[in-house]
Amino acid sequence: MYRIRSAFLVSAAVAVACAALVVGCSGEPRIAIPQGIPPGPGAPVPPIDINAPGRTADQLRDWAADQTDALGISATALEAYGYAAAVMAQSRPECGIGWTTVAGIASVESRHGTYRGSSVAPRGDVSPQIRGIPLDGGPGVAEIPDTDGGAMDGDPVHDRAMGPLQFIPETWKRWGVDANGDGVANPDNIDDAALTAARYLCARGGDLTSEEGWRRALMAYNLSGEYLSDVRDRAAAYSVGTRP
């Protein structure tokens, strides 16, 4: 949320290797990226016990491992997105959010927790912590005075977006949830952040299987048509098993 393009530069046309987009790299047609909204749901998430103890997303290890190379997303991050979709499928089935949407947002916001050399640990913790620029009302920047005394984002003057899904402190305090079973809702943990994002999107968008609902959810996450298009394009690529 509140992704600032000057801080998180994301190319609109990323150069990729032939192997990433061409079947067999033998002159056959490129994988077609579907158009339209919402993006497809991607590879089905297998049934899991969402209430299992510990890091429940570990149940998706094989599912994630089968896709990680093709998508260019770490297995841990994919597990987090799949788990978020699985939880919402049971708790808010009317929402219909796909893991691809969460992945699309995470790609735009932080390159799946790898922005500026950060990495995702096996239990989902992202380090070094990812922080956005001060939201001080400068050109192209929302003005959000500090809401947490700097306790969460490290800035006692203005809020900053936090973690792999870039939540501001005030939003995290309302929506943040523990998803990796450690008893702490941590914006710098990709499991917690992915499930929190899914909950927020479902609450704001309603039915994310509809174009209207998906657009409403994404615009609530970041009020930018360009942002919405970036997320859609990335999610659509993931939906057909390739990287953007």
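1. Helices here are DSSP runs of H or I with at least four residues, numbered from the N terminus. In this predicted model, R232 lies in helix α9, which covers residues 225-239. R232 has a relative accessible area of 7% and is therefore buried, the cut-off being under 20%. Beyond its neighbours within four places in sequence, R232 is in contact with P34, Q35, G36, I37, P39 and W214.

2. The side chain of R232 meets that of D233 in a salt bridge, with 3.0 Å from N to O. The two partners should be described separately: R232 is buried at 7%, whereas D233 is partly exposed, with a relative accessible area of 38%.

3. The structure holds 10 salt bridges. R55 takes part in a salt bridge with D58, where the closest N and O atoms are 2.6 Å apart, and in another with E79, where the closest N and O atoms are 2.5 Å apart. The pair of E79 and R55 links distant parts of the chain: E79 is in helix α4, R55 is in the loop between α1 (18-21) and α2, and 24 residues separate them. Both E79 and R55 are buried. For R55 the relative accessibility is 5%, while D58, at 29%, counts as partly exposed. Through shared partners, salt bridges join R55, D58, R61, E79 and D191 into one network.

4. Helix α4 (residues 75-91) has 17 residues, which at 1.5 Å a residue should span 24 Å; the end C-alpha atoms are 24 Å apart, so expectation and model agree. Of these 17 residues, 13 are buried, so α4 is largely enclosed by the rest of the structure.

5. The largest nonpolar core has 55 residues, and those with the most contacts inside it are Y81, Y83, I97, W99 and Y221. The elements giving two or more residues to this core are α2, α4, α5, α6 (169-175), α7 (190-205), α8 (211-221) and α9. Helix α4 supplies the largest share of this core, 10 residues.

6. What does W99 touch, not counting residues up to four places away in sequence? The list is P41, G42, A43, V45, W63, Q67, L71, L78, Y81, G82, A85 and Y238. At 1% relative accessibility, W99 counts as buried.

7. The count of aromatic pairs comes to 5. In one of them, the ring centres of W63 and W99 are 5.4 Å apart and the planes lie at 90 degrees, so the pair is edge-to-face. This pair links distant parts of the chain, with W63 in helix α2 (residues 61-65), W99 in helix α5 (residues 99-110), and the two positions 36 residues apart. W63 counts as buried at 10% relative accessibility.

8. The pair of F167 and W172 is also edge-to-face, because the ring planes are at 65 degrees, which is over 60, and the centres are 5.3 Å apart. F167 has 0% relative accessibility and counts as buried; W172, at 4%, counts as buried too. Ring pairs link F167, W172, W175, Y200 and Y221 into a cluster. Y221 is also among the residues with the most contacts inside the largest nonpolar core.

Note on methods
Residues numbered from 1 in each chain as written. Predicted model: local features only at pLDDT ≥ 70, side-chain atom pairs only at ≥ 80, totals over all residues. Heavy atoms only, no water. Buried < 20%, exposed > 50% of the residue type's maximum accessible area, 1.4 Å probe, protein only. Contact = heavy atoms within 4.5 Å. Expected span 1.5 Å × (residues − 1). Phe/Tyr/Trp six-rings, centres within 6.5 Å; stacked < 30°, edge-to-face > 60°. Core = buried A, V, L, I, M, F, W, Y, C linked by side-chain atoms within 4.5 Å. Salt bridge = Lys/Arg side-chain N within 4 Å of Asp/Glu carboxyl O.
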